[in-house]
Structure formats: structure tokens, C-alpha cells
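Dear colleague,

I am handing over the structure below, and I would be glad if you kept it open while you read the notes that come after it.

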Amino acid sequence: MKQNLSILLLLATAFGVSAQTKKATKPVAKTVPAYTVGNKKVTVYTTAEKTDYRISKIETISFTENKQPFETEPCIFIDPTIKYQTMVGIGGALTDASAETFAKLSKKNQQELLTAYYSPDKGIGYTLARTNIASCDFSSGSYTYVQDNDKELKTFSVAHDEEFKIPLIKQAIAAAGGKLPLFVSPWSPPAWMKDNNSLIQGGHLLPAFRQSWANHYVKFIKTYEAMGIPIWGLSVQNEPMAKQKWESCVFTAEEERDFIKNFLGPTLQKQGLASKKLIAWDHNRDQIFQRASTILNDKDAAKYVWGIGFHWYETWTGSEMQFGNVRQTHDAYPDKALIFTEGCKEKYDVNKLDDWTLGERYGYSMINDFNSGTAAWTDWNILLDEKGGPNHVGNFCFAPVHADTKNDKLIYTNAYYYMGHFSKFIRPGAKRIGSASSRDKLQATAFLNTDGKLAVVVMNQSDDKLKYSLWIKGQAATTTSLPHSITTLVVE
């Protein structure tokens, strides 16, 4: 009997089971935090074409019991117990062009713009920003921070930025309440570091200057921080597969991977900057998965990367916006963040400042990017002048707000309001939650804020007026979506 017991114990040990652990193998029921609608109300904020509504509070609605809607009842279904990514922030870029235009405004209009963008109460509450390292197309001219052939970066200086860009960034931080996460992106290394000896037309970083270029990011970050501007993150290279007539530099996926792995990542770590969020790719959705897989499948590169950045300009090829690629990247690498780093409407035309599709492009992109796993969303220039610049190569574009600098006037396009339907109501730390629309004409996304308020954004790009219900756990609150509108429903 003892011998049989010994044999049984040996067998149990061999298969990793003991008398004690056997009891612990009983399945444990998974509990999901409850969400009750109770006496909650829904405040409805709307922006709509052919109306005066601009993030306007139009009604407050209540929930009534509706256990199971019929197919004839259009609904936005919400399940707050199903949670996805955490919101990092929403904002726009503080470029040279924005800063130079801002400087031409009266003090009154400068303050109006800062309040409009950064006040969560009186404005749309931006919580994220980007700026360029050295010049980009949205600068009045090309410039660098070091003299030619200064491999040791002894001449490094950001004196250029002290005239316009740094003052704007500091005022934006103050307007945002003293905290505004800022990430920085280079458009090109200095010309002498590149194989084409030019800031423009792409070219590649020369192997001999990889360490000097890695040191350049550190110099920039530490210089800005010493001037009172905290840096939250950085991208490796703006649009690394674009050969442009403005500042640009090409990194293949393998080149970017190896630069991160062997130079930039280790340098940030050695210089005490390991906490900075390092963003790879920073280009369009069309190649995001190929770039992410090449870099993140290499564990020695991946360990330095916080997330993958992307733009929306894949449409220049004739393609639609490729949200499926974003979702595929998120599904493949769920431990890495996705951040929309840049987008704007190109080919500025002063006669189209009232074009309603400006805002609809933002709404369409933001809803689908968030539903694909994106955790942060950054517009391009926060402000441009009446010509869609300044831009030193004539690449004039739209911004959510333009300044008529001749008449000291601010012009708010509907893109400003469309972005505000997200940034004002979906705050950092919010969790995206389960949402689904029963009609293709109503697109939606939803977030649960840290204060318990639900923010549900619903967009209607059709010409139809659509009655629908916000449905949560057997309770429904009914409202109407106006043609070409965007609405935020706040449940509290």
C-alpha cells in the first residue's frame, strides 16, 4: 500500500500536480464590474451643418426601459464593462508656422486662441502637443542647430526657436494648466550627416554620424527641459519613407530598427532619458504593419519603443484611409501604444474654409482610429495664416484655426469643433469601452472617463435626419442626429 502511494506521489510530481494544487485547479468565475444606468441623464452636445450649433448643448435626455430593441429601432449600443485602450491625450502641433502666425496676432486674440485650444471649460481642452526638431516645411526657412561638420555638437543652440516657437510652447503649457505632454520629431539631420548632403529630397543618415545624430536628440531634449519645457516623448523620424522637396530623410524599416537598437535607444538610456516615450514609424497607415513588425519582432529594438506613430496621408495614392492596418498592428502588438502623430487637409484654398468635409474628415478618422486601438491623436498645425502657411516650399494646408493677420482676425473652421467633440469630453486616463452602431450612417466611439462620466461620440455624414437611441444595459435614451453632424452624448 505504501509502495503504491509512493508511486502515485511520484507520478503526480512528474505531471506537476500535488494533493494541495489539485484543489486549486477548480475554475474561478470571472467577475465583471457592474454598470448601472440608474437615474443618469444624458447631455447632448452637437455641431451640425446649416445650423448655428457648434459644440452646443441642445438637450438633456433620460433613460427608459428597453430590454431588447427591434431591428427597426436605430441604436448605439454601449457596454461600459468591456474596456479597451486608455486615452493618452488629444492635441495639435506647435510648429514654427503656428508660432510665427501667433506672434502677429494682438494680445487679445492670442489669449483667445490659447483659451480656445487649451481650456477644458471655455475651449476644447487639448492635452497633447508636438513640435519639430529643427526646420520642417512649416517653417519660414530651413535651419539647423549645429554648425557644419560639428560631430561633437559643441555649437548646438536652439537660439532660432527662442524668437517664436519656445514662447508659444510655454504659453500653451500655461494655458493647459501647467501640464501639456509634448513630443518632438525631426524632419532631417543636418545636411552634412546625410549621404545626399542636403536637408531635402530624402537621403540617408551616414553610418559615421549615427551616434552624433542620437546625441542630437538628447541635446535637444535636455536644452528644452533646461528652458522649462518638459519633453514627454520623441519620434525617430518624421515620414521616414518620404523623399520630399522639403526637409526629409529616408529610413528603411531595417535602418530604423537598427538605429533604435544600436544608437538611439541605448543613448537615451545612458543619458537618463529612458522614460521618454519613443515612437517609431511616424508615417502613413499603408505601411504601418510592415514597419511595426520589422521593428517590434526584434526584442532588442522593441524594448526601447513605447509606440507606433502614424499619419493619414495614404490617401495621396488614391487609397481610402486604411484603418484595418492600424487594427492589425494593435492586435499583433497590444503592449505597444498607437499614436496618430499628424494629419491635415492639404492644398489650401481660402474659398473652402467653410467646407463641411474638413471637419468630417477629422471625425471619420478619429472615430475609426480610436476604434482600431489608437491611444493618442495629434493634429498638425494648430494655427496657420490666411495663405495656409507660412511654408518655405509652398506646401500650403488647412488648420482648424486660421488667422487673418492683416485684419487681426481668427477664423475657426468646423474641424476645430469636430476635434473638440473628442478632446473636450474624452480626457486622459479614459478607457475606450464597447460600442456598436446598428446603422452604417451613424458612426460611434465611446469612452469612460476617470470621473465616471461616459462620453459617446456619434457622427452622421449623411443627408438624413436620423432618430436613434443610446442603449445601455436594457435602458435607452432617444435623440435625433441631424444631417452632417457630430454629437457627444455625456452620460452622468
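What follows is a short account of the salt bridges, a cavity and an annotated domain.

Please bear in mind that this is a predicted model. The structure holds 15 salt bridges, and a good place to begin is Arg130. Arg130 forms a salt bridge with Asp282, with the closest N and O atoms 3.0 Å apart; the pair links distant parts of the chain, since Arg130 belongs to strand 6 (residues 128-133) and Asp282 to strand 9 (residues 277-284), 152 residues apart. Arg130 also meets Glu342 in a salt bridge, at 2.8 Å from N to O. Glu342 lies in strand 11 (residues 337-342) and Arg130 in strand 6, so this pair ties together parts that are 212 residues apart in sequence. Arg130 and Asp282 are both buried, and Glu342 is buried as well.

Another salt bridge joins Lys299 and Asp300, whose closest N and O atoms are 3.6 Å apart. Here Lys299 counts as exposed, at 64% relative accessibility, whereas Asp300 is partly exposed, with a relative accessible area of 34%. Elsewhere, Arg257, Asp258, Lys261 and Asp298 are joined into one network by salt bridges that share partners.

A search of the whole structure finds one cavity of 30 Å³ or more, with a volume of about 30 Å³. Its lining includes Ala134, Tyr143, Ser188 and Glu247, and the lining residues divide into four nonpolar, three polar and one charged.

Finally, an unreviewed UniProt entry places the feature "domain: Glycosyl hydrolase family 30 beta sandwich" at residues 429-489. Over residues 429-489 the model is 66% strand and 0% helix, with the end C-alpha atoms 18 Å apart.

With best regards

Notes
Residues are numbered from 1 along each chain as its sequence is written. This is a predicted model: local features need pLDDT of at least 70, side-chain atom pairs count only at pLDDT 80 or more; totals for chains, interfaces and linings use all residues. Side-chain values use heavy atoms; hydrogens and water are left out. On a 1 Å grid over the protein atoms alone, a cavity is a set of points where a 1.4 Å probe fits but cannot get out, and a pocket is an open set with protein on both sides within 12 Å along at least five of seven lines; lining residues have an atom within 4 Å of a point. Grid points are joined across faces, edges and corners, and a volume is the space filled by probe spheres set on the points. Ala, Val, Leu, Ile, Met, Phe, Trp, Tyr, Cys and Pro count as nonpolar, Asp, Glu, Lys and Arg as charged, and the others, Gly among them, as polar. UniProt positions are given in the numbering used here, feature names are shortened, and annotations may be inferred rather than shown by experiment. Helices (H or I, at least four residues) and strands (E, at least two) are DSSP runs, numbered from the N terminus. A salt bridge is a side-chain nitrogen of Lys or Arg within 4 Å of a carboxyl oxygen of Asp or Glu. Buried means under 20% relative accessible area, exposed over 50%, partly exposed in between (1.4 Å probe, protein chains only).
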